[in-house]
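Subject: Structure handover

Dear colleague,

I am passing on a structure for you to look through at your own pace. Please open it first, and then read the notes that follow it.

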Amino acid sequence: MKRCPTPIALLIGSLFVVLLASSLASAQSAKARVTLRDVSLWRNHAVRLSDDGVWYAVRYRPSTSDTIEEETSASEAGPEAPADGDTAADGDSPETGKATVPSPKWSEAERRDIDLYGEDAMTEVLYIRKADGAKEHRVTRGTSPAFSHDSKWIAYSVAPKKKSQSTRGKPEKNEASKSERVVIELLNLGTEEVRRWEIEGESSSVSVRFPKKTQDFVIHSKSGLLLFDLERSAETYIGNVGEYQFSKDSQLLYYTIKTDDRHGNGVYRRDMERGTTRTLVSGPDIFSALALNEGEDALALFRSDPVGEEKKAPKKRLVMISQLADEQPDVVSQSPEEWTGMPEGMVLTPRLDWSQDGTRLFLALKKDKNSSGDDAKEASGSDKQGEEPSESNDAAAAPPETAIVAKAAVDVWHWKDEALQSEQMLRGNRERTFDAVLDTANKTLVQLSDDDLRLRGRTEDDRWAIGADQTPYVSDWDVTRADYYRVDLITGERKLLIKRFVGRVDMFPAGDQALYWRDGHYWVYHFADDTHRNVTNGTSVSFVNAEHDYYGSSPAYGVEGFTSGGGSIILRHRHDLWLQPVDGTPGTCLTQGVGEEKKIRFRLGLPPERRRDDVELEERYVDVSSPLILSGFGSQSKKSGYFLLTGDTIETLLYEPRQIRSLHKAKNADVVTFSEGDFQNCPETYLGDSRFEHSTRLTRTNPHQDDFKWGRRILVDYTNKDGVPLQGILTIPEGYRQGSRLPMIVYSYEKLSDGLHRYSTPRIAGAGTSEAFYVSDDYLYLQPDIHFRLRTSHSDMHECIDEAIQRVVELGYADENRIGYLGHSFGGHAAMFISTQKNRFAAIAGGAGVSNLVQGFNIDIVSDGSNEQDYYITGQGRLTASPADDLGLYLDQSPIFHAKKMDTPLLLYHGTADTVVKWEHSFGFYNILRFLKKPVILLSYRGEGHGLRDFESRKDLQLRLKQFFDHHLKGAPAAAWITDGVSFADRPDAKKKEKPGRTVPPWK
């Protein structure tokens, strides 16, 4: 029988609801908004799992090194800013002993960490934990953890203490005499004993590893090689080790010795089990490029004598040591001068690699800068030094003119140049190498690649290679094309396979076949019988990427993997995976069409390894007869997660409206880690089994976020004028009241809606902004997708942005009189263009945008020395033509030619040293708008590039963007720089003296 509530009970219940609502409102109002000075609080983390899945290591790291220190009133102050100082307890363990934990006497920085994140998630600590929670080790300032293959040990580095704030920037006493020392520790996870080594040198010069199939730990540094026997706790140090290589079973160690006085130099072999060492070859030379053959019965290397002038280009000799198992191995030395086919003017580089059959050596050549070869010919105008130039050599026939040109600071830019002079200048600083193969028995060398043809991969048996020649199709604007050849790795003979090919050729894991995409189909080339086969012609679907919206040939969705034996390939479709036999019979849909039906994009959750050197062949294949874990992403719902494919059945394991990714499986156990989070919850790492059952959260990264106003995201569906369905992300402030119309920032860059559940870490950006600064201050933040037609990309952006805004207004969220736009680079182009059109914005900010497409096509040179013509025709610009072919199109899409119609307050920002979009684009647009008395401001950041890098520049940009939008969208009082500008004479550095001989204008 139900009991009816009494009036008193109802009154008490009502009062409780009122008090609860009041309490919640109070808690809501207590939350702070995210400001620039809060950015340094946010962190990310990294987790490493042992091969047996029993242990894991986690380390938290600041997401940025930016820290803003400024005085604030007590009411404005957020969480305490990080303090710099020596840690009271550094966690350093003795050479042998228990892993230590920080002392209870916390430093200021440690106390702050504990207050913000808790004692079990401090930033300056490496946590090594047992997955069942039974054990934990903490290492203060521990970093770079690596587990042994048997999961019984873990190695890590210990970072040096941070300098205290009082001494920061000042050299310590005798600091100049101190060399950097790298601290390496090794922890036995069973006994909890710790070994500690201090290695002299920089961290980048010290490497650690656990060789496979052995019980050894190796530390290699510039000073030598340290070997630690994990079973016997025995330590061996070998000084002055240059290079080293283990045998496959790791029982034999080959290494070189390199000393300053050259005493003891040589090549040695150590028996790791017996602890004995044998000299294989020695002498006062430099030994390099150790290469052990497949059968491990022969070793090849170079030896050189860098004496006198030869230090500039030491002459190398090839040394081959065979019959390594014998008491007295056979040592043979060859000089390149002995080889037939060694190109004149070439020298050897330190690269060696045996063929699978052990009869040939693959090596690399480079041009000898000190030879009298091509360079000398160009300088002298003759084939041989000392000879008179030929009369047919016109350049050499005019010595006076040559002498004048040689002294002039002039570059000749010719219309027939294969590449711009600017590209040639930059390429000239890069040394090219050329592949070659040496038949060791008959001493015959064959050069395999040259200035035109470059190798793209070898077959597994080292019989053939694929080579590509791009030189017939060099273009400033067209897509990259090449002629592809089969190269005989014995004779060097070339056979044309594919002409004018766009794309790449992929080798099968076993290397006996190659796969390429052409004319809307996949083709397989068989090296053995020299045949091509269209393998997808009989399959019922097209693998053309229907979402590709660039000009030129249409690519495929891509290849996901190869099945065992190479009998089939796994191909991506938009949503599904297809199994395609290489014999051309019809393919079958592995995912049974479920992906297309439910709009879930399926891919392999644990893709195969593809690296050649350190991965066994079977690890590069996919076994479709066994259950496969698939990743899934909802192209419309934006859900993500993992599925299990068993035969014809797809089972949902974990599929949620969150961002679920980064799956990693323990090598020897059914244990996985994965990341899960969304916009409101920082991604955390979880541990479970491959069915994602009984998952445990391992990390606690940014709990302080609860102290700040955040928000939530929703998907907004809309269409462009052609009815193409599109989506956008709308971020709504925390505490939003239904029906309220708020100011809104719109940010766009092609398609962004797939990031609906992506966490947005606050940052002081040098390109664009961080939405947290605005959403926590009660702005809406809209990121709409753009659908591009060819030719009219700027108009397309404007159209899609307008349609997305209209939809948000219809939904009742946005105040259509208080909307601002912000874009950078391609979004900066849109900002400029939209400002000249009838638009819905009260204020627009654009960074590093192109204002004059004609000018950009003609004068832009980017960081690699090339021009930007490909960008405009076949790249992101999508214009499909040059201004010479369609000037009207370029004028129509260029903001600068519509400047007279601009009447929206516009804030431009640009780095003067931008090598992606020239600063002159922003200045030019500003200049004509200024001429027309239009409301424009240009923030010109001297010496900055496409994205601002200097912290003070980034901070300045973000402060000014916020002030600009707060004024125009919220009615905040305008800062003086907005209303009146800033006179150069009023700048603090106005009286700074310029350096003599300056060639860069002061404004840049």
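Accessible areas here come from the Shrake-Rupley method with a 1.4 Å probe. On that basis the protein chain, which is a predicted model, exposes about 49800 Å², and carbon and sulfur atoms supply 49% of this area. Of the 1004 residues in the protein chain, buried ones make up 49%. The secondary structure comes to 15 helices and 52 strands, and among contacts between residues at least 6 apart in sequence, 55% join residues that are at least 24 apart.

Turning to the interior, the largest nonpolar core has 53 residues, and Ile-745, Leu-822, Leu-907, Leu-939, Leu-961, Phe-965 and Trp-977 are those with the most contacts inside it. Helix α14, which spans residues 951-970, gives this core its largest share, namely 6 residues. If neighbours within four places in sequence are left aside, Leu-822 is in contact with ten residues that you can look up in the model, including Ile-745, Tyr-909, Leu-961 and Phe-965. Another core, of 51 residues, lies apart from the largest one, and among its members are Val-746, Ile-801, Met-832 and Phe-841.

There is also an open sheet of 4 strands, in the order β25-β26-β27-β28, with antiparallel pairing. Its edge strands, each pairing on one side only, are β25 (453-458) and β28 (494-501), and the twist from one strand to the next averages 25°. Strand β25 pairs with β26 (residues 464-469) in the antiparallel sense over 5 bridges, and Arg-458 has Ala-465 in β26 as its bridge partner.

With best wishes

Methods. Residues are numbered from 1 along each chain as its sequence is written. This is a predicted model: local features need pLDDT of at least 70, side-chain atom pairs count only at pLDDT 80 or more; totals for chains, interfaces and linings use all residues. Side-chain values use heavy atoms; hydrogens and water are left out. A nonpolar core is a set of buried Ala, Val, Leu, Ile, Met, Phe, Trp, Tyr and Cys residues joined through side-chain atoms within 4.5 Å. Buried means under 20% relative accessible area, exposed over 50%, partly exposed in between (1.4 Å probe, protein chains only). Helices (H or I, at least four residues) and strands (E, at least two) are DSSP runs, numbered from the N terminus. Contact means heavy atoms within 4.5 Å. Two strands pair if DSSP finds at least two bridges between them. Axes are lines fitted to C-alpha atoms, for helices over the stretch in contact, and angles run from 0 to 180 degrees between N-to-C directions.
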